[in-house]
Amino acid sequence: MTAFLLRRFATLVLTLLAVSAVVFAIMNVLPGDPALVILGIDSTPEAQAALREQLGLNAPLATRYLDWIGAALTGDFGISYSYDLPVSTLVLERLPVTLPLALAATLLMAVAAIGLGLFAAMRHGRPGDWGIMVLSQVGIAIPAFWLGILLIILFAVTLRALPPGGFPGWDEPLAAIRALILPAAALALVQAAILTRIVRSSVLDVMRLDYVRTARAKGLSRNAVYRRHVLPNALIPIITIVGLQVANLVTGTIVIENVFSLPGLGRLLFQAIANRDLFLVQALVLLFAAAVVIANFLVDIAYVVIDPRLEGRLE
Amino acid sequence: MTRSDFVATSIAAFCLLASAAGAQAQSSVTIGMQQEPTVLDPTADATAAIDTITAHNIFESLTTVSESGEVLPALADSWTVSEDGKTYTFDLAEGVTFHDGSAFDSADVKFTFDRAMAEDSVNPSKKIFQPIDSVAAPDADTVVITLKDPDAFFLFNIAQGDASIVAPETAASNKTEPVGTGPYKFDSWTRGDRLTLKANTDHRDHAPEVIDTVTFRFVADPAAAVAALMAEDIDAFPGMPAPETLEQFKADPRFTVAVGTTEGEIILALNNAKPPFNDIRVRRAINHALDRDAIIEGAYFGYGEPIGSFFPPHHKSYVDLTGRYPHDVEKARALVAEAGVAGEPITLRLPHFPYARRSGEIIQSQLAKAGLDVKIENVEWAFWIDEVYRNLNYDMTIIAHTSPNDLNNFARGPEYFYGYDNPEFNDLWERIRTESDPEKLDALLKEGQRFVTEEAVHGFLFQLPKLGVYDKDLSGYWTSSPVLFAPLNQLRWN
């Protein structure tokens, strides 16, 4: 287990190093000069040159990268070109929005999909099953941003039950939670639609296996069969998909935060790329990459918890 | 105090409290904006949202500009101009303090101008300061600015946010903690969500009716902007990004829709430095091929005034030149054929602005009728500003020039992205720039407009409208914008 954890940690570090090098390279190849973005089209060439000097953009690429890595190892992720603030300050400001949003969406997605998928499988071939299949098909077809707009129109404009966007901050916990309900739902429902279909087919696959029939034959109740034999075995493919979907949810925040005007990491990344704000992009992409790597790690752990036979995989 | 006195006083006090509470309840306004500033120092970053929020609200300049474009006193109470038009003597307003309590005097003005003119200055509009020779502060209330040559636009230019007066002690931290002398103080900023200003009760023009708290909410998505207004989460959206939604607000009795003009001339910019646009026949063909009314209708739902030159229609020196190249597909075809460029591939690079993306396809089809093969490439802003603007790596693009008095763009030489270089126009601009007689200036500005139209330097499209949606009880906002800033201290709840 220790070896496994060490290997995983090494993977994380190597992934982040690779990602940081790629981001640095891409941001430099991409046309666009932060100084020009900041000073605009009426600025003089002298002012642009002065700002490039101030921002340290004239040093060679490799030097800048190594300087950045060196500082990042000590926890200094640089100063944002466009905001003129430490990158860590900007990221920490936004984390309390995106983290709860992504977690709530993940939870909502899992609960909704497992509940509905199981329900559909248990009513296989009957109207309940058809209804859920049709709804999930619709859910897959709807882009999250459009669902977000529909939710705003219904719950914020027509019913006036929830705010249409913005975030009051966690000083007002109730208002903050209310502000996150619609975005979490918009983010979760589309992913839940996909997962529902996976849960249903996975459960149906397991139900056709011999040991399920045997369990039924030896007189176990229907619910006990589902609880003890069907669900644990059906969970392996489900967990795999959930791991992939967490990555989708994390990247989905970029779009959803824009629709709901939330001050989160996704919106910050969007602005950082537009402004060619290298260090800020770097830190945010690394954070998103780490989230995906860690999600995959948790999936591996979950495999073993669900199916002890897989423990060999960890050695 | 007798008993009845006591009752009377109590009632009076109660009424006062009640009215104060009532005033308090109405004393805040939430304004929606699509673009969020990155920093709050207008002397360090060109982002238009910075000027909108800070200029003449948090900061003040020596002069200011009214909604109609007239130059008015601000931190300078009055001024005199020398006979030769080169020396400006400003008499500063008295009793002005910065928001941190420190006093404002001529040393702050001198510091501001010297800082913007310095070699390592990163002021985004450094060219405003280039005509200045020296700045002197002979006493605490007087500033003397000497120019190298007379400058017709000097008083207008120094009203802009780029010339905001800052104090030496706080200049470096204004990006995140702006300290100015203006009618509003910076209160708080949750980046990505909202920014709050509070009325500066010490300001010389402060009145009890001034709205106490102004909150800017940053809503990037047009659909979200509509929803926020409909849900009454936002009281005003002065720059609505989606013209197609205005009908809905016009029909709703809760709102006032205000349609005004801006300084933004939207042009189909042609790279004059390279073929086929170094040929005036092609440029004229394009102007004949454009159907401006159809573009405005299709791209902006009919909002916006067609232009035939590079000048705002609301300006007193405007000449209507839209008739110079009437929409005539046959003539356009003939000119294209004559120049021998029919069917040659031309790229139209479109930045992210709605006016550009929305107009692009309509223009593509109009030019196709004239025999031009236009391919559209959507590019993001950082790409546009580097490749199109700096490297002149483009054939055609669509862009709005939002600066006032910007006819000088045609005199910016071959390195400027127009790729247009004409000594005759350079001379003309030199005469415009240094003309101090209003009547002669008017005639010269008209000549300048005719010149660029005759040369058909670009396809001139339409004037960018200012589309605002406001709570019907709100008044005191600017319907039109001759500048980037928008004063808040005239806003009132009826």
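## Close-up views of the two-chain model

Between chain A and chain B the count is 7 salt bridges. Everything shown in these views comes from a predicted model.

**View 1. Charged partners meet where chain A faces chain B, with R276(A) and E380(B) as one pair.** Start with R276(A), which forms a salt bridge with E380(B); their closest N and O atoms lie 2.3 Å apart. A second pair to look for is D33(A) with R390(B), where the closest N and O atoms are 2.8 Å apart. D33(A) sits in the loop between α1 (2-29) and α2 of chain A, while R390(B) belongs to helix α11 (residues 381-390) of chain B, so this salt bridge joins two chains. For a sense of scale, a search over all chains of the whole structure finds 35 salt bridges.

**View 2. The contact between the chains brings 46 residues of chain A together with 48 residues of chain B.** About 3800 Å² of area is buried between chain A and chain B, and carbon and sulfur atoms give 54% of that area. Which residues of chain A lose the most area to chain B? They are L36(A), I41(A) and D42(A), and together they make up 18% of what the chain A side buries. Polar contacts are part of the picture too: 14 residue pairs between chain A and chain B are in polar contact, with both residues at pLDDT 80 or more.

**View 3. Several helices of chain A supply the side that touches chain B.** At least two residues each come from α2 (34-39), α3 (45-55), α5 (87-122), α7 (144-158), α10 (222-259) and α11 (265-274) of chain A. Which helix gives the largest share of this side? That is α3(A), with 6 residues. By class, the residues on the side of chain A that touches chain B divide into 24 nonpolar, 13 polar and 9 charged.

**View 4. Chain A is built from 12 helices and 0 strands.** If you follow chain A from the N terminus, the elements read α-α-α-α-α-α-α-α-α-α-α-α. The C-alpha trace of chain A spans about 85 × 55 × 35 Å along its principal axes. While you are here, stop at D84(A), in the loop between α4 (61-73) and α5 of chain A. Phi of D84(A) is near 55°, a positive value in a residue other than glycine.

**View 5. The second largest pocket holds about 720 Å³ of space.** It is lined by 27 residues, and those closest to the pocket centre are A152(B), F153(B), H315(B), K316(B) and L441(B). Two elements of chain B, α4 (154-157) and α13 (438-454), give two or more residues to this lining. The largest share comes from α13(B), which contributes 4 residues. In terms of chemistry, the pocket lining has 13 nonpolar, 8 polar and 6 charged residues.

**View 6. The whole structure contains 2 cavities of 30 Å³ or more.** The largest cavity encloses about 50 Å³ of space. Its lining is made up of E263(B), E265(B), F310(B), F311(B), P312(B), H315(B), P404(B), N405(B), D406(B) and L407(B). Sorted by class, that lining has 5 nonpolar, 2 polar and 3 charged residues. You may recognise H315(B), which is also listed among the residues closest to the centre of the second largest pocket.

**View 7. The second largest cavity holds about 40 Å³ of space.** Which residues line the second largest cavity? P164(A), G165(A) and S261(A) come from chain A, and R217(B), V219(B), A224(B) and A228(B) come from chain B. The lining of the second largest cavity includes 4 nonpolar, 2 polar and 1 charged residues.

**View 8. A cis peptide bond links P275(B) to P276(B).** Omega for this bond is near 0°. To find the spot, look for P276(B) in the loop between β12 (255-270) and α7 (280-289) of chain B.

Notes. Residues are numbered from 1 along each chain as its sequence is written. Chains are lettered from A and ligands numbered from 1 in the order in which they are written. This is a predicted model: local features need pLDDT of at least 70, side-chain atom pairs count only at pLDDT 80 or more; totals for chains, interfaces and linings use all residues. Side-chain values use heavy atoms; hydrogens and water are left out. On a 1 Å grid over the protein atoms alone, a cavity is a set of points where a 1.4 Å probe fits but cannot get out, and a pocket is an open set with protein on both sides within 12 Å along at least five of seven lines; lining residues have an atom within 4 Å of a point. Grid points are joined across faces, edges and corners, and a volume is the space filled by probe spheres set on the points. Ala, Val, Leu, Ile, Met, Phe, Trp, Tyr, Cys and Pro count as nonpolar, Asp, Glu, Lys and Arg as charged, and the others, Gly among them, as polar. Contact means heavy atoms within 4.5 Å. Buried area is the accessible area (1.4 Å probe) that two parts lose on being put together, summed over both. A salt bridge is a side-chain nitrogen of Lys or Arg within 4 Å of a carboxyl oxygen of Asp or Glu. A polar contact is a pair of N or O atoms within 3.5 Å; within protein, one must be able to donate a hydrogen and the other to accept it, and residues adjacent in sequence count only if both atoms are side-chain atoms.
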